[in-house]
Amino acid sequence: MTPQSDLLAKLSPSSINPNNRLVKIKPTLQIADDQFPNIYTAGDVADLEDVKTGGAAWRQSEMCMRNICKMITAQNESTATATTTAAGKNESKKAKQDLKLETHATMPPQILLYFGVAKGVAQLRLFGWIFVTARDFFLKRFFTYNILATRAWGWLGLTLSEETADL
Ligand SMILES: Cc1cc2nc3c(=O)[nH]c(=O)nc-3n(C[C@H](O)[C@H](O)[C@H](O)COP(=O)(O)OP(=O)(O)OC[C@H]3O[C@@H](n4cnc5c(N)ncnc54)[C@H](O)[C@@H]3O)c2cc1C
């Protein structure tokens, strides 16, 4: 499968790995191009060691979201504190430099595989590097009818009741 990185390649050719067409990234998941600190990459197209699964893409994209929020908050705070004085400008510049973004850690190779309605099989990490392969009985709460869409609605501020969540 060819990663769909052509669009970004036009803007930032140096951030595309020529060997596999994946997007090269920094540990913060910003693309590896200092010209574009506001562009993040997550999921299958990212040149990471994580196994390419929906779970890994989900986890990476949540981290991108948290880092983007930190950048926006820092920007807002620095705009609020920046004054026309040299001291104010320096303080605002320092606040931007001190901004601590989260860094990515490789996810253990885990996968949830659905088959049928609210049924599936999974390989999950128990602890350390000990894994378990489990079927739906053990994992009932993971294999929801709406394939975890409830969590996505939660991000948009909508809490579904238990009854509607499993429709
Ligand atoms: C057959 C199959 C079964 C799988 N089963 C599982 C599983 O059971 N569990 C699991 O965890 N993972 C599974 N995966 C892997 C999982 O689907 C992917 O890891 C996950 O979807 C990656 O998410 P993503 O958002 O990075 O990419 P995608 O889900 O591929 O989303 C990328 C989106 O970008 C769009 N796009 C591409 N180029 C452009 C463009 N130029 N302009 C606009 N839009 C564009 C595409 O149309 C697509 O909608 C499976 C994959 C396959 C192929």
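1. The ligand first, since that is probably what you will look at. Its shell takes at least three residues from each of domain 1 (1-106) and domain 2 (108-167); the domain bounds come from an automatic or database domain assignment. Please keep in mind that this is a predicted model, in which local features need pLDDT of at least 70 and side-chain atom pairs count only at pLDDT 80 or more, while totals for chains, interfaces and linings use all residues. Residues are numbered from 1 along each chain as its sequence is written.

2. How many residues surround the ligand? There are 14, and the closest are Gln4, Gly43, Thr53, Gly54 and Ala57. A residue counts as near a molecule or strand when its C-beta atom, placed from the backbone, lies within 6 Å of it. By class, seven of the shell residues are nonpolar, five polar and two charged. Here Ala, Val, Leu, Ile, Met, Phe, Trp, Tyr, Cys and Pro are taken as nonpolar, Asp, Glu, Lys and Arg as charged, and the others, Gly among them, as polar.

3. Two elements, helix H2 (54-81) and strand E1 (111-114), each give at least two residues to this shell. E1 supplies the largest share, four residues. Helices (H or I, at least four residues) and strands (E, at least two) are DSSP runs, numbered from the N terminus.

4. Gly55 is worth a click. This glycine sits in helix H2 and has contacts with Gln110, Ile111 and Leu112, leaving aside its neighbours within four places in sequence. Contact means that the C-beta atoms of two residues, placed from the backbone, lie within 7 Å. Gly55 and Leu112 are 57 residues apart in sequence, yet 7.9 Å apart in space, C-alpha to C-alpha. Gly55 counts as partly exposed because 17 other C-beta atoms lie within 10 Å. The scale is this: 20 or more other C-beta atoms within 10 Å of a residue's own make it buried, 12 or fewer make it exposed, and partly exposed lies in between, with C-beta atoms placed from the backbone.

5. Val45 lies in the loop between H1 and H2. Beyond its neighbours within four places in sequence, Val45 touches Pro3, Gln4, Ser5, Leu22 and Val23. Between the C-alpha atoms of Val45 and Gln4 there are 6.9 Å, with the two positions 41 residues apart along the chain counted as their separation. Val45 is partly exposed, as 18 other C-beta atoms lie within 10 Å.

6. Next, the backbone of that loop between H1 and H2, which holds Arg21 and Leu29. Phi of Arg21 is near 65 degrees, a positive value in a residue other than glycine. Leu29, also not a glycine, has a positive phi of about 75 degrees. Are these residues buried or exposed? Arg21 is partly exposed, with 16 C-beta neighbours inside 10 Å, whereas Leu29 is buried, with 23 other C-beta atoms within 10 Å.

7. Leu29 also belongs to the largest nonpolar core, which has ten residues in all, including Ile16, Val23, Ile25, Ile31 and Cys64. Such a core is a set of buried Ala, Val, Leu, Ile, Met, Phe, Trp, Tyr and Cys residues joined through C-beta atoms within 7 Å. Ile31 has contacts with Ser12, Ser15, Val23, Ile25, Phe36, Ile39 and Thr41, leaving aside its neighbours within four places in sequence.

8. On the chain as a whole, there are five helices and three strands, in the order α-α-α-β-β-β-α-α from the N terminus. Of its 167 residues, 13% count as buried. Among contacts with a separation of 6 or more, 33% are between residues 24 or more positions apart.

9. Finally, confidence. The mean pLDDT (the predictor's confidence in each residue, from 0 to 100) is 83 for the chain, and 82% of the residues score at least 70. Helix H1 (residues 6-11) has the highest mean among the elements, 96, and helix H3 (residues 86-97) the lowest, 68. Where pLDDT is low, the predicted coordinates should not be read in detail.
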